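Me: I've got a new model to look at and I'm a bit lost. Could you pick a single part, look at it closely with me, and then work outward from there?

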Amino acid sequence: MEQIKSIIVWGDSILKGVVSNGDSKDFEITPNDSLTLVGSRLGIQIANKSIYGATIQKLRRTQQKNFRTMIDAEFGIIESGSNDCDYEWMEVCENPSAPHTQKCPLEEFCRILEEMILDARQNKITPIVVTPPPLVVKWWFKNICIGLDEKIILDFLGGESERLLRSQDSYSDAAKKVAQKLNAQIIDVRAEFLSHGDFEKLMCLDGIHPNEKGHEFMAQIFEREFPRLKKEF
C-alpha cells in the first residue's frame, strides 16, 4: 500500500470537530478531532476546509475557491448531509402552514455532490465520499426545539420525531448512490456508528455531533481505511 501524503477535506461541523454540551448553539471545537488524530498517527498532511453549519452548496463554493488558488492534495474528502436535510425551524414555527423545504433539497444535494466529485478529479484529486454519523433523535429533537414551539415542530414532523433520522438516512443513502454511480470510494462512517451497538455513548448531548469518544472512534475508522484508499492520479 502506498503511503498517503495529503488530504483536503470539505465537510461540515462533524469533521470540523465541533462538540456540544446539549445545545448546538453553544459549542467549541475539540483539538482532538478525528482528522487531527489520524493525521498525526499516519503522518498525513490534512487541509481541513470543513465549515460549521455548512450545507453542500457552501462546501461546493469553498471547493471552487480552493481550486482557484491551485490547492493540491492526493485525496479529497466530501462529507455532508446532516445540515442539508434540516429545516429552518424558526421559519417553520413562525408560519407552520406555509410550505417549507429542506435547506438543500435531495435532488440538488445529489447534483452538487456529483459536481464536487467530478471537479476533484478534474483537478487530479481522488474523491472520497464520507457519510456522517447518525442522529440520536431524542436528543436532536430536544435541541432544535430550544427557544421554539415544540408542538409546532412535532406537528410539522407528522407527530414523529423519528422522521428526522429517516430524512438524514435518505441523504446518506443518496450520497452513497452518487459515489457508486461515479465509481468514487466511500468511507461509511454512518454504518460504523450504527454497528457499534451503543453509539449514543459516542455522541454529544445535542444528538448530532460526535463527542471526544466519537472522534476517537472516527479516527480509528480513518486509520484503518485511509491506507486502503486507491489513488486515481
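Reply: One definition before anything else: two strands pair if DSSP finds at least two bridges between them. Keep in mind too that this is a predicted model.

Let's take strand β6 as our part, and begin with its partners. β6 pairs with β7 (residues 185-187) in the parallel sense, over three bridges. In that pairing, Val130 stands opposite Ile187 in β7. β6 itself covers residues 126-130, and four bridges join it to β5, again running parallel. Here Phe75 has Thr126 in β6 as its bridge partner. β5 has another partner as well: β1 (residues 6-10) runs parallel to it and is joined to it by four bridges. Between those two strands, Trp10 is matched with Ile78 in β5.

Now for the side chains. In a regular strand the side chains alternate between the two faces of the sheet. You can follow that pattern along β6: Thr126, Ile128 and Val130 point one way, while Pro127 and Val129 point the other way. Is β6 mostly covered or mostly open? It is mostly covered, with five of its five residues buried. β5 tells a similar story: Phe75 and Ile77 point one way, Gly76 and Ile78 point the other, and all of them are buried.

There is also a bit of empty space to look at. Rolling a probe the size of a water molecule over the atoms shows where empty space is left. In this model, that kind of search gives one cavity of 30 Å³ or more. The largest cavity has a volume of about 50 Å³. Val129 and Val130 are among its lining residues, along with Ile56, Ile78, Glu79, Ser80, Phe109, Leu113 and Ala175. β6 and α5 (106-122) each supply at least two residues of that lining.

Next, step off the strands and into the loops beside them. Lys124 sits in the loop between α5 and β6. Its phi is positive, about 60°, although Lys124 is not a glycine. Lys124 counts as exposed because its relative accessible area is 55%, and exposed means over 50%. The loop between α3 and β5 has a residue of this kind too, namely Met70. Phi of Met70 is near 65°, a positive value in a residue other than glycine. With a relative accessible area of 71%, Met70 is exposed.

Glu74 is in that loop between α3 (56-68) and β5 (75-78) as well. Is Glu74 buried or exposed? Its relative accessible area is 15%, so Glu74 is buried, the limit being under 20%. What does the side chain of Glu74 reach? One of its polar atoms lies 2.6 Å from the backbone nitrogen of Lys5. Leaving aside neighbours within four places in sequence, Glu74 is in contact with Gln3, Ile4, Lys5, Ser6, Ile125, Thr126 and Lys231. Thr126 brings us back to our strand, as it is one of the β6 residues that point the same way as Val130.

What about the cysteines? A disulfide is a covalent bond between the sulfur atoms of two cysteines. How many disulfides does the structure hold? It holds zero. Cys110 is in no disulfide, and the nearest cysteine sulfur, that of Cys104, is 8.7 Å away. Cys110 is buried, at 17% relative accessibility. For Cys145, the closest cysteine sulfur belongs to Cys93, and at 7.3 Å it is too far for a bond, because a disulfide needs sulfur atoms within 2.5 Å. Cys145 is buried too, at 7% relative accessibility.

Finally, here are two other loop residues to set beside Glu74. Leu157 is in the loop between α7 (150-156) and α8 (163-181), and it is buried, at 2% relative accessibility. Not counting residues up to four places away in sequence, Leu157 touches Trp89, Phe141, Arg163 and Leu164. Its C-alpha atom is separated by 43 Å from that of Asp72, which is 85 residues away along the chain. Gly197 is in the loop between α9 (189-194) and α10 (212-225), and it is exposed, at 73% relative accessibility. Between the C-alpha atoms of Gly197 and Glu232, 35 residues apart along the chain, the separation is 35 Å.

Note on methods:
Residues are numbered from 1 along each chain as its sequence is written. This is a predicted model: local features need pLDDT of at least 70, side-chain atom pairs count only at pLDDT 80 or more; totals for chains, interfaces and linings use all residues. Side-chain values use heavy atoms; hydrogens and water are left out. Buried means under 20% relative accessible area, exposed over 50%, partly exposed in between (1.4 Å probe, protein chains only). A polar contact is a pair of N or O atoms within 3.5 Å; within protein, one must be able to donate a hydrogen and the other to accept it, and residues adjacent in sequence count only if both atoms are side-chain atoms. Contact means heavy atoms within 4.5 Å. On a 1 Å grid over the protein atoms alone, a cavity is a set of points where a 1.4 Å probe fits but cannot get out, and a pocket is an open set with protein on both sides within 12 Å along at least five of seven lines; lining residues have an atom within 4 Å of a point. Grid points are joined across faces, edges and corners, and a volume is the space filled by probe spheres set on the points.
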